Amino acid sequence: MSSLEVISKDSQKMSVRLKGVPLQYANALRRICLNGVPVFAVDTVDVIENTSVLPDEGLAHRLGLIPLRTDLSRFNEPSKCDCQSESGCSNCRVMLVLDSGESDVTRTVFSEEISSEDDTVKPTSAKIALVELAPGQRVKVECYAKLGRGTTHAKWNSSNVAMLTETDKKDERILTVESTGALTPEQVVLAGVDEVGGRLGEFRDMIDQI
């Protein structure tokens, strides 16, 4: 009989004991926990003003790699949203704005200066450094974040670490997941279990149709 037991858990990391779970399924769960659970990340950036030394492409790249808190119960993945629009809608995308204002001293712009149109989708940390401004310099951008998966791009990875280790007992393994902060480790694991179950169901349906 298969079972899943929580060994340890905090706000960032969680370890669970998998009993009676075949290796291929356990490894599939590990991989999905790493990059198969959808989370928010900045996908497009409109640069309105950038007089910093960092090129527009560099600024957009840094914004894209900021982990964003995610609420999977409120938003749809773009491919599954009813709007079926390239530009998206309020159910599948969120706008974020960064406006540093013109600096009169040399300073660093941090992620806490990013404002979101939806308070549930915002940087997981306020102290992620983005760019350094000299006096008279300014950055102003509008960003659009959407749900995606790390299999498309690493910026959508739901975990920093998803590790599977053997124990000295037969058919028992330990899965350790360290979240990026977009979701809690528990949410990552539960969503991963649902995803594995869904994929197995789709596979069975395909076999039945052959």
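Let's start with one pair of neighbours: K19 has E172 as its bridge partner in β10. That small detail belongs to a bigger pattern, since β2 and β10 run antiparallel and are joined by seven bridges. Keep in mind as you look around that this is a predicted model.

Now look at the other neighbour of β2. Strand β1, residues 3–9, pairs with β2 in the antiparallel sense over six bridges. Here R17 of β2 is the bridge partner of E5. To get from β1 to β2, the chain makes a hairpin through three residues. So far, then, we have β2 paired with β1 and also joined to β10.

Let's zoom out for a moment. What does the chain contain in the way of helices and strands? There are three helices and 10 strands. If you read along the sequence, the pattern goes β-β-α-β-α-β-β-β-β-β-β-β-α. The C-alpha trace spans about 65 × 40 × 25 Å along its principal axes. Of the 210 residues in the chain, 36% are buried. As for the outside, the chain exposes about 11,700 Å², and carbon and sulfur atoms supply 48% of that area.

How much of the contact pattern joins residues at least 24 apart? Among contacts between residues at least 6 apart in sequence, the share is 69%. You have already met strands that fit this idea, and the salt bridges give us some more pairs to follow.

Back to E172, then. Besides being the bridge partner of K19, E172 forms a salt bridge with R17, and their closest N and O atoms are 3.4 Å apart. This pair links distant parts of the chain: E172 sits in strand β10 (residues 172–179) and R17 in strand β2 (residues 13–19), with their positions 155 residues apart in the numbering. Is E172 buried or exposed? E172 counts as buried because its relative accessibility is 7%, and the cut-off for buried is under 20%. R17, on the other hand, has a relative accessible area of 22%, so R17 is partly exposed.

A second salt bridge that's worth finding is the one between D43 and K146, where the closest N and O atoms are again given as 3.4 Å apart. This pair also links distant parts of the chain, with D43 in strand β3 (residues 39–50) and K146 in strand β8 (residues 139–148), 103 residues apart. D43 is partly exposed at 30% relative accessibility, and K146 is partly exposed too, at 27%.

For another example, try R107 and E113. Their salt bridge has its closest N and O atoms 2.9 Å apart. R107 counts as partly exposed at 23% relative accessibility, and E113 does as well, at 25%.

Salt bridges can also join up. Which residues are linked in a network of them? They are E77, K80, R149, E195 and R199. Altogether, the count for the structure comes to 16 salt bridges.

Next, turn to helix α2, which covers residues 56–64. Its buried residues are L59, L63 and G64. These residues lie on the same side of α2, because they cover an arc of only 135 degrees around the axis. And what covers them? The list includes β3, β4 (93–99), β6 (114–116), β7 (129–133) and β8. You may recognise two of those names: β3 is the strand that holds D43, and β8 is the one that holds K146.

Last stop: a couple of backbone oddities. Most residues other than glycine have a negative phi. Q84 is not a glycine, yet Q84 has a positive phi of about 50 degrees. You'll find Q84 in the loop between α2 and β4. With a relative accessibility of 57%, Q84 counts as exposed, the cut-off for exposed being over 50%.

D171 is another such case, with a positive phi of about 55 degrees although D171 is not a glycine. Where is D171 found? Look in the loop between β9 (159–166) and β10. D171 has a relative accessible area of 42%, so D171 is partly exposed. From there you can step along to β10, which brings you back to E172, the bridge partner of K19.

Note on methods:
Residues numbered from 1 in each chain as written. Predicted model: local features only at pLDDT ≥ 70, side-chain atom pairs only at ≥ 80, totals over all residues. Heavy atoms only, no water. Salt bridge = Lys/Arg side-chain N within 4 Å of Asp/Glu carboxyl O. Helix = DSSP H or I, 4+ residues; strand = E, 2+ residues; numbered from the N terminus. Buried < 20%, exposed > 50% of the residue type's maximum accessible area, 1.4 Å probe, protein only. Arc of directions from axis to C-beta. Contact = heavy atoms within 4.5 Å. Pairing = 2+ DSSP bridges. Areas by Shrake-Rupley, 256 points an atom, 1.4 Å probe, with all protein chains shown as cover.
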